[in-house]
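Hi,

Here is the structure I said I would send over. Have a look at it first, and my notes on what turned up are underneath.

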Amino acid sequence: QVQLVESGGGLVQAGGSLRLSCAASGSISRINAMGWYRQAPGKERELVATITSSGSTNYADSVKGRFTISRDNAKTVYLQMNNLKPEDTAVYYCNAQALTIGTYWPRGYWGQGTQVTVSS
């Protein structure tokens with residue numbers, strides 16, 4: 001199995017910055033892609049940003065130019081969030097598309113989530 005542990009959430013004023021981290025561990029053979037999703041109260045979970053093993057990135061339009069996703073090794077992903085807005089308030093979840101040892105198809109794994117609150 002794969003475990004994802006997130007950290008870095010918190011309370012920040014509008015215009016401020018936060019950096020989220022997510023570390024993967026477990027019986028991992030390969031991680032194809034990692035990403036961040038968020039879910040605000042009463043809304044569906046939505047994609048924020050993803051990054052593949054080759055470094056290709058994808059962002060939601062709402063965060064382009066403000067958020068940056070990065071990886072420093074195969075199992076750790078970051079989300080640098082600048083110029084935060086109240087509408088960025090949500091629980092942020094880390095996701096990994098990974099193969100575990102002995103398997104041949106990737107599946108998605110989720111972290112427990114970390115709260116980000118942006119005050120106006």
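Let me start with an arginine: R38 has a relative accessible area of 6%, so this residue counts as buried. Please keep in mind that this is a predicted model, and that every value below was computed from it.

What does R38 pair with? The side chain of R38 meets that of E46 in a salt bridge, with 2.7 Å from N to O. The glutamate is less hidden than you might guess from its partner: E46 has 37% relative accessibility, so E46 counts as partly exposed.

**Salt bridges**

As a reminder, side chains of opposite charge can pair when their charged atoms come close. How many salt bridges are there in the whole structure? The search finds four. Besides the one between R38 and E46, there is a bridge between D88 and R66, whose closest N and O atoms are 2.8 Å apart. That pair links distant parts of the chain: R66 sits in the loop between β6 (57-59) and β7, D88 sits in the loop between β8 and β9, and 22 residues separate them. Are D88 and R66 buried or exposed? Both of them are buried. These residues also belong to something bigger than a pair, since R38, E46, R66 and D88 are linked in a network of salt bridges.

Another bridge joins D61 and K64, where the closest N and O atoms are 3.1 Å apart. Here the aspartate is on the open side: D61 comes out at 63% relative accessibility, so D61 is classed as exposed.

**Overall build**

The protein has eleven strands and zero helices, so if you read along the sequence you simply meet one β after another. The radius of gyration is 14 Å, which agrees with the value near 14 Å that a compact globule of 120 residues would have. Along the principal axes, the C-alpha atoms fill a box of roughly 50 × 25 × 20 Å. Of the 120 residues, 42% count as buried. Contacts over long stretches of sequence are well represented: among contacts between residues at least 6 apart, 57% join residues at least 24 apart.

**The core**

The largest nonpolar core has 32 residues, and those with the most contacts inside it are L4, M34, W36, L79, M81 and Y92. Several strands give two or more residues to this core, including β1 (2-7), β4 (28-39), β8 (76-81) and β11 (114-119). Which strand gives the most? That would be β9, with five residues.

M81 is a good place to zoom in. Leaving aside neighbours within four places in sequence, M81 is in contact with G16, S17, L18, L20, R66, F67, Y92 and V116. Note R66 in that list, the arginine that bridges to D88.

T76, in strand β8, has a relative accessibility of 15%, so T76 counts as buried. With the same close neighbours left aside, T76 is in contact with C22, A23, M34, S70 and R71.

Then there is E6 in strand β1, a glutamate that counts as buried because its relative accessible area is 6%. Leaving out neighbours within four places, E6 is in contact with ten residues you can pick out in the viewer: S21, C22, W36, Y92, Y93, C94, G111, Q112, G113 and T114. E6 and Y93 are 87 residues apart in sequence, yet their C-alpha atoms are 7.7 Å apart in space.

**Aromatic rings**

Two aromatic pairs show up. In one, the ring centres of Y37 and W110 are 5.1 Å apart and the planes stand at 70°, so the pair is edge-to-face. Y37 lies in strand β4 and W110 in strand β10 (residues 107-110), so this pair ties together parts that are 73 residues apart in sequence. W110 has a relative accessible area of 40%, so W110 is partly exposed. The other pair is Y104 with W105: their centres are 6.2 Å apart and their planes at 75°, so that pair is edge-to-face too. Both Y104 and W105 are exposed.

Arginines also sit over rings in two places I would show you. R45 lies over the face of Y93, 3.7 Å from the ring centre, and the charged end of R107 sits over the ring of Y109, 4.2 Å from its centre.

Cheers

Key:
Residues numbered from 1 in each chain as written. Predicted model: local features only at pLDDT ≥ 70, side-chain atom pairs only at ≥ 80, totals over all residues. Heavy atoms only, no water. Core = buried A, V, L, I, M, F, W, Y, C linked by side-chain atoms within 4.5 Å. Buried < 20%, exposed > 50% of the residue type's maximum accessible area, 1.4 Å probe, protein only. Helix = DSSP H or I, 4+ residues; strand = E, 2+ residues; numbered from the N terminus. Contact = heavy atoms within 4.5 Å. Phe/Tyr/Trp six-rings, centres within 6.5 Å; stacked < 30°, edge-to-face > 60°. Lys NZ or Arg CZ within 6 Å of the ring centre and 35° of its normal. Rg over C-alpha atoms; globule rule 2.2 N^0.38 Å.
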